[in-house]
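Q: Please take a close look at one part of this model, the packing of one helix pair, and set it in its surroundings.

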Amino acid sequence: MSALSLLLAQADPSRVGVGHIQGGWEFVTASYVLTLLGIVLYATSLWVRRRKE
Amino acid sequence: MKPESRNRLVAIVALGLAASALGFIAWGNLGENLVYYWSPSQLLAQGEKAIGPTIRLGGMVQAGSIQWNAGKTHLDFKVADGKEADAKAVQVSSDEIPPQMFRENIGVVVEGTYDKDAVFHTTRLMVNHSNEYRPPKAGESQKDWQKSLLEEQPQANK
Amino acid sequence: MPNWLANALLILPAGLLIAICFKRDLIEIGWKVMAVQAAIMLPVAAYLGLVWAPPEREMGDVYRIIYAHVPQVWMALLGVTLNFGCSLAYLMKKSWTADALAEASAEVGLYFGIVGVTLGAIWGKPTWGVYWTWDPRLTSAAVMLIYYTGYLAMRRFTENPDTRATWSAALGTFGIVIPVTVYFSVVWMKSLHQVQSTPKTVDPQMVFALRWAACAFLCLLITFTYQRYKVARAALAREVAPPEALSGPPPSSNDVAKVAV
């Protein structure tokens with residue numbers, strides 16, 4: 001994600017001053033994937049701890 | 001002391017400390033001592049003291065002040081107290097490509113140093129978003145869209 | 001989009017919480033209802049946020065992070081506020097239920113806080129231009145994560161259940177400072193982070209998608225908190241009950257008896 005996102009996160013040099021974001025879907029995807037991953041991992045940790053009892 | 005009364009004492013002490021901490025954060029002069037950024041007029045009022053250390057300056061990008069040199073990746077603009085043409089402003093110089101949302105009349109916070117030639121050299125240019133979320137208007141062309149944004153008073157942070 | 005629908009979705013979790021106050025046994029069915037509601041609402045929330053809601057004029061599609069970031073930060077604040085309530089309740093009247101629920105809400109609040117703050121950082125890069133800056137909102141949020149990590153570590157390393165319950169309740173009571181500061185930081189101090197949005201400053205369609213997502217995460221919060229509470233309760237039963245049971249005299253306190261059952 002690094003090189004691409006860095007490029008997309010910043011303005012195309014010819015468009016400085018335009019004032020709105022184009023693209024950036026990789027940030028959105030990363031957020032939703034991380035949320036899903038968090039839910040799965042935390043639910044699993046609760047399940048594992050419950051089985052121990 | 002019985003455990004019950006000890007626990008209640010603990011509760012009173014914890015609540016008291018919490019209330020005083022909140023009072024201090026909300027009404028103490030924490031804001032003045034640990035200020036996140038200075039406004040242009042605050043920076044200018046500092047005089048000589050502002051020259052040298054790394055500081056943050058926050059305000060609005062003054063209309064008509066943006067000068068972008070794509071070849072050298074150099075950006076010059078003014079950060080002003082407000083939208084008015086006569087608002088106090090500080091000249092800012094940056095060697096970075098700004099975030100995409102950068103435009104005239106948007107709130108920015110810049111991190112860097114102020115020099116004796118009255119130019120603020122920033123190494124970190126941050127654009128702030130207002131608390132407004134609106135869809136693009138139907139049939140709004142890119143140019144109209146930009147115009148409508150510029151006509152509105154952006155919600156600068158306090 | 002009708003906002004009454006978004007509000008109506010709250011009836012189930014809210015009604016359930018009220019019903020449990022009167023009839024404790026309902027929680028065993030209730031948490032399953034919450035889990036199912038979360039499982040149905042979360043994928044729809046993702047659809048509403050990613051596809052159904054319009055893009056934003058300035059932030060384009062990047063703003064869609066709002067539907068994941070904001071509800072999870074809300075749940076974090078709700079979790080640590082619940083921790084405050086349980087902590088204070090424990091100090092007022094010793095109860096292992098309050099102690100276990102305090103532990104559960106702190107951990108679940110911390111979990112949502114870590115995800116929420118991380119998502120905020122991801123959102124910051126394309127919008128502000130930086131992942132992180134030490135502005136009052138971000139700093140106070142970081143303090144929150146550190147504080148409740150410390151709270152949970154303190155619980156883990158204190159062996160005596162009574163000492164642990166009392167001192168963590170003191171920390172939890174004082175801890176209310178943190179969510180309040182996080183919430184008001186943008187109002188009290190100059191921040192890069194914008195002030196709270198209201199339905200007036202947000203497009204109605206976006207408000208609906210956000211409310212839907214918030215309700216979905218609320219159901220998830222209730223599910224997680226109850227499951228974590230059961231873990232804490234079981235651990236307490238192991239700690240508190242056996243020595244009492246083995247040492248001969250019957251347990252004197254009602255709370256101990258409850259834990260043993």
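A: The account below starts with the helix pair and then moves outward to the interfaces, the core and a neighbouring chain.

The model is predicted: local features need pLDDT of at least 70, side-chain atom pairs count only at pLDDT 80 or more, and totals for chains, interfaces and linings use all residues. Residues are numbered from 1 along each chain as its sequence is written, and chains are lettered from A and ligands numbered from 1 in the order in which they are written.

H4(C) and H8(C) pack with their axes 9 Å apart, at an angle of about 150°. Helices (H or I, at least four residues) and strands (E, at least two) are DSSP runs, numbered from the N terminus. Axes are lines fitted to C-alpha atoms, for helices over the stretch in contact, and angles run from 0 to 180 degrees between N-to-C directions. Angles over 145 degrees count as roughly antiparallel, and H4(C) and H8(C) are therefore roughly antiparallel to each other. From H4(C), the contact uses Leu77(C), Val80(C) and Thr81(C); from H8(C), it uses Ile178(C), Pro179(C), Val182(C) and Tyr183(C). Residues are in contact if their C-beta atoms, placed from the backbone, lie within 7 Å. By class, this contact of H4(C) with H8(C) has six nonpolar, one polar and no charged residues. Here Ala, Val, Leu, Ile, Met, Phe, Trp, Tyr, Cys and Pro count as nonpolar, Asp, Glu, Lys and Arg as charged, and the others, Gly among them, as polar.

Next comes the interface with chain B. It takes 40 residues from chain C and 38 residues from chain B. On the chain C side, helices H4 (66-92), H7 (161-174) and H8 (177-188) each give two or more residues. H8(C) has the largest share of that side, five residues. The side divides into 22 nonpolar, eleven polar and seven charged residues.

Chain C also meets chain A: 28 residues of chain C are in contact with 21 residues of chain A. On the chain A side, helix H2 (residues 25-52) gives the most, with 14 residues.

The largest nonpolar core (buried Ala, Val, Leu, Ile, Met, Phe, Trp, Tyr and Cys residues joined through C-beta atoms within 7 Å) has 120 residues. A residue is buried if 20 or more other C-beta atoms lie within 10 Å of its own. Val79(B), Ile65(C) and Ala216(C) have the most contacts inside this core, and H9(C) (residues 204-246) gives the most to it, with 23 residues.

Chain B has four helices and six strands.

Notes:
Contact = placed C-beta atoms within 7 Å. Buried ≥ 20, exposed ≤ 12 C-beta atoms within 10 Å, placed from the backbone. Parallel < 35°, antiparallel > 145°, perpendicular 65-115°, else oblique.
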